[in-house]
Amino acid sequence: MTLDKETFNIFLSSIEKFVKNKLIPKEEVVVNSNTIPQEIVSEMKELGIFGLSIPKEYGGSNLSMEEEVKVAFELGKASPAFRSIAGTNIGIGSQTIVMAGTKKQKEKYLPKFATGEFIGSFALTEPDAGSDAMSIQTKAKKIGKKYIINGTKRYITNAPIANVFSVMARTKPEKLSSSISCFLVDANLDGITIGKPDTKMGQRGAITSDVTFNDCEVPEDALLGEKEGIGFTTAMKVLDKGRLHISAICVGLAERLLEESLNYSINRKQFGEPISKFQLIQAMIADSKAEILASKGLILNTAQKRDKGENVTLESSCAKLFSSEMLGKVADRAVQIHGGAGYMTEYSVERLYRDARLFRIYEGTSQIQQLIIARETINNFLKS
Ligand SMILES: Cc1cc2nc3c(=O)[nH]c(=O)nc-3n(C[C@H](O)[C@H](O)[C@H](O)COP(=O)(O)OP(=O)(O)OC[C@H]3O[C@@H](n4cnc5c(N)ncnc54)[C@H](O)[C@@H]3O)c2cc1C
């Protein structure tokens, strides 16, 4: 634990209250405006949400993994768009710098990530490179003391509001992880074009768009760690953490959907009785509850192992696969329990059902998690 238990519990309860009293009541505003209101972003900054995982010396609260997932369980109960604005600051944006950045890069970016003064954005995916991330075509060519970046990134979260991009670009032609480097690119540089926001199935308020780099010149010290070839491997190393965080968000959202289902089923009457009295409705409630608890247990157990310094690549992928698939089932049951009302936009389960669909796709699809789990399991077996 990096905060004493009492301080952490006070912090967690303030997050719980913030989600319940501030975020959930503003969900409709976010849907209608497709943006997070500035006063909410300011409160998120004040609460320290942007700096959860950043070391204290750089202004963050340096939560342990167990503490971070407990916070994510709470944040997940509100529309995922709220968390998304701080997602890169908490996750891959800051953690690659913590792990591999130079002192100068840490000092330049981490304090601003921690306060939320800088919004980070992670740019890996391209039109022809998604799951096969190692095949990216964006190139960074060194000329003198500069790198020139050319290429197009796709579906980049926070792109229109980002202050800094962590850009994965090829510095060598071979299809090897050591051919890909990470650049910390200030968003105001010339040669960067942000595409128009994508029209998505759900998660309004979390904006994605293309980002095109056209002869974008960055200084050589924008290279993560000032070393070529470490970007991809560093990003893969911090993914274990990101997958646990996302899994915990899935649990929070599933808990919210179950709560909405319980409220509805207790109040909705058919055949003269609340539908919660019907055993077929109860079966859906029971399955959702059991799966949520199973997910939560797996995430907490893995977070504790990671805090002890153990390798959790296998378990993190299991958590991401199980929790995102679990959320899909819970969301589907929530709509079913609401009957026709579940298909109507005035009930939040209709929106949350669409929001939930993304978790099986981004940060590694379910199929990619299955491949990792199988690879790790077979390797462990062969080593034993
Ligand atoms: C809303 C949203 C936000 C996003 N935010 C970001 C971001 O901020 N930064 C970023 O870099 N990216 C981001 N992404 C991209 C996201 O990570 C990719 O969409 C995801 O990794 C899948 O890649 P793809 O879309 O190219 O699908 P593909 O890789 O083309 O996959 C299509 C299908 O094929 C399957 N498949 C692929 N390879 C295999 C295989 N070897 N075996 C079995 N099945 C396979 C996949 O599981 C999937 O079902 C975002 C995407 C979305 C939709």
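These are my notebook entries on salt bridges, a buried helix, a cavity and a surface patch in this structure, which is a predicted model.

**Entry 1: salt bridges**

I began with the charged pairs and obtained a count of 25 salt bridges. I then looked up three of them individually.

The first pair is glutamate 43 and lysine 22, whose closest N and O atoms lie 2.9 Å apart. This pair links distant parts of the chain, with glutamate 43 in helix H3 (residues 38–47) and lysine 22 in helix H1 (residues 5–23), 21 residues apart. I noted glutamate 43 as partly exposed at 22% relative accessibility, and lysine 22 as partly exposed at 36%.

The second pair is lysine 153 with glutamate 126, at 2.8 Å from N to O. Here lysine 153 belongs to strand S3 (residues 146–157), and glutamate 126 to the loop between strand S1 (120–123) and strand S2 (139–143), with 27 residues separating them. Are these two side chains buried or exposed? Lysine 153 has a relative accessible area of 0% and is therefore buried; glutamate 126 is buried as well, at 6%.

The third pair joins lysine 296 to glutamate 255, at 3.1 Å from N to O. It connects helix H9 (lysine 296) with helix H8 (glutamate 255) across 41 residues. Lysine 296 is partly exposed at 22%. Glutamate 255, at 17%, falls under the 20% limit and so counts as buried.

I also recorded a network in which salt bridges with shared partners join Glu27, Glu28, Arg256, Glu260 and Arg351.

**Entry 2: helix H5**

I asked how many residues of helix H5 (residues 80–90) are buried. The result is 11 of 11, so the helix is largely enclosed by the rest of the structure. Among the buried residues I noted Arg83, Ser84, Thr88 and Asn89, together with Phe82, Ile85 and Ile90.

**Entry 3: cavity**

I searched for cavities of 30 Å³ or more and found 1. The largest cavity holds about 30 Å³ of space. Its lining includes Leu257, Ser261, Met284, Ser288, Arg333 and Ile337. Helix H8 (231–267), helix H9 (279–307) and H10 each supply at least two lining residues. The largest share, 4 residues, comes from H10. By type, the lining divides into 7 nonpolar, 2 polar and 1 charged.

**Entry 4: surface patch**

Finally, I located a nonpolar surface patch formed by Tyr343, Met344 and Tyr347, with about 350 Å² of accessible area together. Tyrosine 347 sits in the loop between helix H10 (313–338) and helix H11 (348–356). I recorded tyrosine 347 as partly exposed, with a relative accessible area of 30%.

Key. Residues numbered from 1 in each chain as written. Predicted model: local features only at pLDDT ≥ 70, side-chain atom pairs only at ≥ 80, totals over all residues. Heavy atoms only, no water. Patch = residues over 30% accessible without salt bridge, like charges linked within 9 Å, V, L, I, M, F, W, Y side chains within 5 Å. Areas by Shrake-Rupley, 256 points an atom, 1.4 Å probe, with all protein chains shown as cover. Salt bridge = Lys/Arg side-chain N within 4 Å of Asp/Glu carboxyl O. Buried < 20%, exposed > 50% of the residue type's maximum accessible area, 1.4 Å probe, protein only. 1 Å grid on protein atoms, 1.4 Å probe; cavity = no way out; pocket = protein on both sides within 12 Å on 5 of 7 lines; lining within 4 Å. Points joined across faces, edges and corners; volume = space filled by probe spheres on them. Nonpolar A, V, L, I, M, F, W, Y, C, P; charged D, E, K, R; others polar.
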